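Work through the following exercises with the sequence and the 3D structure at hand. Each task sentence is followed by a solution that proceeds step by step.

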Amino acid sequence: MNRPLPPSMPDDAALRQLHAQALDTLSPTTLGRLRSARHAASPAKRHAPSWWMATACSAVVALALGYSFLLGESSAPPAPVMASATDDSSDVLDENPDLYLWLGGTDLAME
């Protein structure tokens, strides 16, 4: 029944030839039972896995955050320069000396 394979034939072609020979020797009823058993044993096809949706949502959130960080850096106004190069101490002269006299005369300064 089984014929020896020629030595020059590649393995894939040899296996295909053996499979074709085996299918020729089986009866149609046996082939039908094998086909129905194969379809019954195959797992039911599901929709997209849940991990795929979680990965996609995480990627969208990460891209949105990255984009908002990029916009936040470029749209920020430069910090105003508050201190001047020369300190003239003019604000000290504008204070009322009576305030310090009043604080010294009360107990509020110690609290």
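**Exercise 1.** Decide whether Asp-12 counts as buried, partly exposed or exposed, and then find which side chain meets that of Asp-12 in a salt bridge.

*Solution.* Begin with the relative accessibility of Asp-12 in this predicted model, which is 48%. Because partly exposed covers the range between 20% and 50%, Asp-12 counts as partly exposed. Next, look for the partner: the side chains of Asp-12 and Arg-16 meet in a salt bridge, with 3.3 Å from N to O. Arg-16, for its part, has a relative accessible area of 58% and is therefore exposed, since the cut-off for that class is over 50%. Finally, place the pair in the chain: both residues lie in helix H1, which covers residues 11-25, and they are four residues apart, about one turn of the helix. In an α-helix there are 3.6 residues a turn, so residues three or four places apart point the same way. The structure holds one salt bridge.

**Exercise 2.** Check whether the length of helix H2 agrees or disagrees with what its number of residues leads one to expect, and describe how far H2 is covered.

*Solution.* Helix H2 takes in residues 28-41. At 1.5 Å a residue, its 14 residues should span 20 Å, and because the end C-alpha atoms are 20 Å apart, the two values agree. Turning to cover, the count of buried residues in H2 is zero, so that the helix is hardly covered, given that buried means under 20% relative accessible area. One residue of H2 is Leu-34, which is partly exposed at a relative accessible area of 48%. Leu-34 also joins Leu-23 and Leu-26 in making a nonpolar surface patch of about 240 Å².

**Exercise 3.** Describe the chain as a whole, and state where in it confidence is lowest and where it is highest.

*Solution.* First, list the secondary structure, which comes to five helices and zero strands. Second, consider the surface: 2% of the 111 residues count as buried, while the accessible surface comes to about 10700 Å², with 65% of it belonging to carbon and sulfur atoms. Third, turn to confidence, where the mean pLDDT of the chain is 75 and 64% of the residues reach 70 or more. Helix H4, residues 90-93, has the lowest confidence, at a mean of 60, whereas H2 has the highest, at 87. Where pLDDT is low, the predicted coordinates should not be read in detail.

How values were computed
Residues are numbered from 1 along each chain as its sequence is written. This is a predicted model: local features need pLDDT of at least 70, side-chain atom pairs count only at pLDDT 80 or more; totals for chains, interfaces and linings use all residues. Side-chain values use heavy atoms; hydrogens and water are left out. Patches are made of residues with over 30% relative accessible area and no salt bridge: like charges are joined within 9 Å, nonpolar side chains (Val, Leu, Ile, Met, Phe, Trp, Tyr) within 5 Å. Accessible areas come from the Shrake-Rupley method with a 1.4 Å probe; for residues, only the protein chains shown count as cover. A salt bridge is a side-chain nitrogen of Lys or Arg within 4 Å of a carboxyl oxygen of Asp or Glu. Helices (H or I, at least four residues) and strands (E, at least two) are DSSP runs, numbered from the N terminus. Buried means under 20% relative accessible area, exposed over 50%, partly exposed in between (1.4 Å probe, protein chains only). The expected span of a helix is 1.5 Å times one less than its number of residues. pLDDT is the predictor's confidence in each residue, from 0 to 100.
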